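Biologist: Please bring the model up for both of us, and then let us go through it one question at a time.

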Amino acid sequence: PTQYTQIRFIKEGSTVKVSKALLGMACIAALFGNACDVQAKASMLVGGLAYHVGEQTYQWEGEEHKMKVFMPMVGVEVDGYAIAALVNSYGKASILTTTSFTYPVTDKVTVLSRVGAMSGYKDTPIGMDVAPFANVEVDYRFDRVHAVVGYIPPIQSGHAGVVTLHFKYDF
């Protein structure tokens, strides 16, 4: 049987169940990536904020709810592959997995696109256990800390997408 641990986001009151094996592998990759392979690049992801362009509320089961602006997230990225636990815009616990394609602009600015999948949308207007994920980001590096502004295109009608902000720390 798989053993799970829970990550609790106190402010939002949501809990994410994560496989202990998966969480352990992510931590090992982040902490020892450079020691195992000198080419590996590992970063910690933290965040974030989200602004929903167009609609700030949604209807669910006959009630109107506000979209979340503060979305706590913690994750790890190794060589362009990322996994993160977060609370999504609907206040649901989510796991996000992505791969990224980077386009350096200067030594401090990189434009990138991420594609992947995100859980936690079953009991929302999106109605999927796992939803596709795609975005475009601009990453500005301050030495080992990065500020990352992104845009997620709309997945449902009535919305014009989401502008996001999160941070990244290079190990």
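Biologist: How many strands does the protein have beside its one helix?
Modeller: This is a predicted model, in which local features need pLDDT of at least 70 and side-chain atom pairs count only at pLDDT 80 or more, while totals for chains, interfaces and linings use all residues. Residues are numbered from 1 along each chain as its sequence is written, and side-chain values use heavy atoms, with hydrogens and water left out. Helices (H or I, at least four residues) and strands (E, at least two) are DSSP runs numbered from the N terminus. Read along the sequence, the pattern is β-β-α-β-β-β-β-β-β-β-β-β-β, and the count of strands is twelve.

Biologist: What percentage of the 171 residues counts as buried?
Modeller: Buried means under 20% relative accessible area, exposed over 50%, and partly exposed in between, with a 1.4 Å probe and protein chains only. On that scale, the buried part of the 171 residues is 37%.

Biologist: Which strand gives the most residues to the largest nonpolar core?
Modeller: A nonpolar core is a set of buried Ala, Val, Leu, Ile, Met, Phe, Trp, Tyr and Cys residues joined through side-chain atoms within 4.5 Å. The largest one has 18 residues, among which Leu-86, Tyr-90, Met-118 and Tyr-121 touch the most other members. At least two residues of this core come from each of strands E3 (42-52), E6 (70-78), E7 (81-87), E9 (109-121) and E10. With three residues, the strand that gives the most is E7.

Biologist: How far apart are the closest N and O atoms of Arg-114 and Glu-77?
Modeller: The structure holds four salt bridges, each defined as a side-chain nitrogen of Lys or Arg within 4 Å of a carboxyl oxygen of Asp or Glu. Arg-114 and Glu-77 form a salt bridge, and the pair links distant parts of the chain, with Arg-114 in strand E9 and Glu-77 in strand E6, 37 residues apart. Arg-114 is buried because its relative accessible area is 5%, and Glu-77 is likewise buried because its value is 6%. Their closest N and O atoms lie at a separation of 3.3 Å.

Biologist: Which lysine forms a salt bridge with Glu-77?
Modeller: The closest N and O atoms of this pair are 3.4 Å apart, and the partners, Glu-77 in strand E6 and a lysine in strand E12, are 91 residues apart along the chain. The lysine is buried because its relative accessible area is 10%. The partner of Glu-77 in this salt bridge is Lys-168.

Biologist: Which residues are joined into one network by salt bridges that share partners?
Modeller: The side chains of Arg-114 and Glu-137 also meet in a salt bridge, at 3.1 Å from N to O. Arg-114 lies in strand E9 and Glu-137 in strand E10, so this pair ties together parts that are 23 residues apart in sequence. Both Arg-114 and Glu-137 are buried. Through shared partners, the network consists of Glu-77, Arg-114, Glu-137, Asp-139 and Lys-168.

Biologist: About how much accessible area does the nonpolar patch on the surface have?
Modeller: Patches are made of residues with over 30% relative accessible area and no salt bridge, where like charges are joined within 9 Å and nonpolar side chains (Val, Leu, Ile, Met, Phe, Trp, Tyr) within 5 Å. Strands E10 (128-142) and E12 (162-170) each supply at least two residues of the nonpolar patch; one of its members, Tyr-140, has its place in strand E10 and is partly exposed because its relative accessible area is 35%. Areas come from the Shrake-Rupley method with a 1.4 Å probe, and for residues only the protein chains shown count as cover. Together, Met-44, Val-74, Tyr-140, Phe-142, Val-145, Phe-167, Tyr-169 and Phe-171 have about 660 Å².

Biologist: Is Glu-61 buried or exposed?
Modeller: Glu-61 lies in the loop between strands E4 (57-60) and E5 (63-66), and together with Glu-63, Asp-123 and Asp-129 this residue forms a negative surface patch. Lys and Arg count as positive and Asp and Glu as negative, His and the chain ends being left uncounted, and a charge is placed at NZ of Lys, CZ of Arg, CG of Asp or CD of Glu. Because its relative accessibility is 68%, Glu-61 counts as exposed.
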